[in-house]
2 protein chains.
Amino acid sequence: MAERAYHHGDLRRALLARAESTLRDGGGAERLSLRELARQVGVSHGAPRRHFPDRQALLEALAQTGFERLSEQLRAALERAPHDDGRAGEGFEDRLAATAAAYVRFAIRDAALLELMFASKHGERSGEVAEAAERTFSVVLELIRQGQAEGALEAGDPERVGLMLLATVQGIASLANSGMVAADQLDGLVASAIARFLRGSRAG
Amino acid sequence: MAERAYHHGDLRRALLARAESTLRDGGGAERLSLRELARQVGVSHGAPRRHFPDRQALLEALAQTGFERLSEQLRAALERAPHDDGRAGEGFEDRLAATAAAYVRFAIRDAALLELMFASKHGERSGEVAEAAERTFSVVLELIRQGQAEGALEAGDPERVGLMLLATVQGIASLANSGMVAADQLDGLVASAIARFLRGSRAG
DNA sequence: ACCTGAACACCGTTCAAGT
DNA sequence: ACCTGAACACCGTTCAAGT
């Protein structure tokens, strides 16, 4: 049956999927247990070791796939947003707002996963996670470059401008998930932050 | 001797102090163990229970004292910064920069503690932690009100402007601690963010 | 009022053994 | 190549008992 199929080549994916859904309706990565995941997936407690040498490896794989999913969702939001309509920066403003909204949506829905993705690294971050994070950032970077090309944003180091935009939405997500911003304040706060970002970046 | 004195009325404080320093040079709250803390402080593993009914209670106490210390450091930075010198907003800009720098300093030094303070809350946040967080926010709020009174910031809901400022510095801290911003980029990023915040808020 | 120490159920990790 | 199951050292939590 379908439950048996898990053990035939897809245990890794099954464990990750289970872990993600545990993160989504439980709270916090500290509640993730390799033994419990193995049990839920119908496998002995030693089996995950073939795919994740230790618990940390599972957490890093979750962070990596989290960044990949976030990248996809940002990209999708960008593509759905209206393109430039001729008036300088009009299309850009919509794409900026859509991207920020997509980020915050991800952050609220997958709060525990986001926390994992941005967890403090005492030492160095694993190469694969860092690369996935870079790919997410490159979506933001591309958006900034478009804004500069369209004349909606001042010229200047796009990397730095992109980091400030990312910091703004990540900071809002952090405040929201920790309960310092109520759910009904959230959309207004994001809108204000985007408007302020544009005001602080106006070219000319 | 001094080690014996721990057991006489100050076990709670001793455990918190130990936990804070473990957070500071270890990495992450998930490494905090009640049994290990009890051992380090020279007490049996059941003793902490008198002061912290469970592990979560210890973590919440850490978050609370974290917010209190952050409040103090922001206030101290504010008071050390030059006061208004007559030119509109000059004193304010310095105080704003000093406050942001103090926040980021705290965030870097106590990265794991900050993470605990802003950890995602599935349910509700404990009342005492929420109140301590509110007191930290009120320092930011007071700064914003001064800026508006001095004419350095546009009028408008100070709460919302304060949340955006807090989100900005918290977001930068998040990027720095997760390794997306290198240490040598950090000061420049904070300076840019503050400059941009002011540009987006200019009154008149 | 505060702490001790045994007990219980759970964990991550390791490793020989099976198929 | 992949999984099982026993083993080990560690947890958090509970609770009777001590002072």
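**Two protein chains and two DNA strands**

Good morning. I begin at the DNA: a polar atom in the side chain of H51(A) lies 3.1 Å from a phosphate oxygen of DNA strand D. This pair meets the cut-off for a polar contact, which is a pair of N or O atoms within 3.5 Å; within protein, one must be able to donate a hydrogen and the other to accept it, and residues adjacent in sequence count only if both atoms are side-chain atoms.

The model is predicted: local features need pLDDT of at least 70, side-chain atom pairs count only at pLDDT 80 or more, and totals for chains, interfaces and linings use all residues. Residues are numbered from 1 along each chain as its sequence is written, chains are lettered from A and ligands numbered from 1 in the order in which they are written, and side-chain values use heavy atoms, with hydrogens and water left out.

Let us stay with strand D. Which residues come nearest to DNA strand D? Of the 20 residues around the strand, they are S44(A), H45(A), R35(B), R39(B) and R49(B). Here a residue is near a molecule or strand if one of its heavy atoms lies within 4 Å of it. A base nitrogen of strand D is 2.8 Å from an N or O atom in the side chain of H45(A), while R39(B) places a polar side-chain atom 2.7 Å from a phosphate oxygen of the strand. Of the strand D atoms within 4 Å of the protein, 52% belong to sugar or phosphate and the rest to bases.

Helix α3 of chain B, residues 34-41, gives the largest share of the surface near strand D, with four residues. Helices (H or I, at least four residues) and strands (E, at least two) are DSSP runs, numbered from the N terminus. By class, this surface has five nonpolar, seven polar and eight charged residues. Ala, Val, Leu, Ile, Met, Phe, Trp, Tyr, Cys and Pro count as nonpolar, Asp, Glu, Lys and Arg as charged, and the others, Gly among them, as polar.

We turn to the other DNA strand. Around strand C there are 20 residues, of which R35(A), R39(A), R49(A), S44(B) and H45(B) come nearest. The side chain of R39(A) has an N or O atom 2.6 Å from a phosphate oxygen of strand C, and that of H51(B) has a polar atom 3.1 Å from a phosphate oxygen. R50(B) reaches a base instead: an N or O atom of its side chain is 2.9 Å from a base nitrogen of strand C. Helix α3 of chain A, residues 34-41, gives the most to the surface near strand C, with four residues.

Next, chain A itself. It has nine helices and zero strands, and its C-alpha trace spans about 65 × 40 × 35 Å along its principal axes. Of its 204 residues, 50% count as buried. Buried means under 20% relative accessible area, exposed over 50%, and partly exposed in between (1.4 Å probe, protein chains only).

E150(A) sits in the loop between α7 (127-149) and α8 (158-177) of chain A. The side chains of E150(A) and R95(A) are joined by a polar contact of 2.8 Å.

What of the interior? In soluble globular proteins, nonpolar side chains tend to be buried together. A nonpolar core is a set of buried Ala, Val, Leu, Ile, Met, Phe, Trp, Tyr and Cys residues joined through side-chain atoms within 4.5 Å. The largest one here has 139 residues, and those with the most contacts inside it are L62(A), M117(A), L62(B) and M117(B). Beyond its neighbours within four places in sequence, L62(A) is in contact (heavy atoms within 4.5 Å) with residues including L16(A), L23(A) and L113(A).

Finally, how do the chains meet? Chain A and chain B each bring 40 residues to the contact. The area buried between them is about 3600 Å², of which carbon and sulfur atoms give 57%. M164(A), M180(A) and R196(A) supply 20% of the area that chain A buries against chain B, more than any other three residues. Buried area is the accessible area (1.4 Å probe) that two parts lose on being put together, summed over both.

My last residue is N177(B), in helix α8 (residues 158-177) of chain B. Is N177(B) buried or exposed? N177(B) counts as buried because its relative accessibility is 12%. Its side chain reaches the backbone oxygen of A107(B) at 3.1 Å. Not counting residues up to four places away in sequence, N177(B) touches residues of both chains, among them A119(A), S120(A), I108(B) and L114(B).

Thank you.
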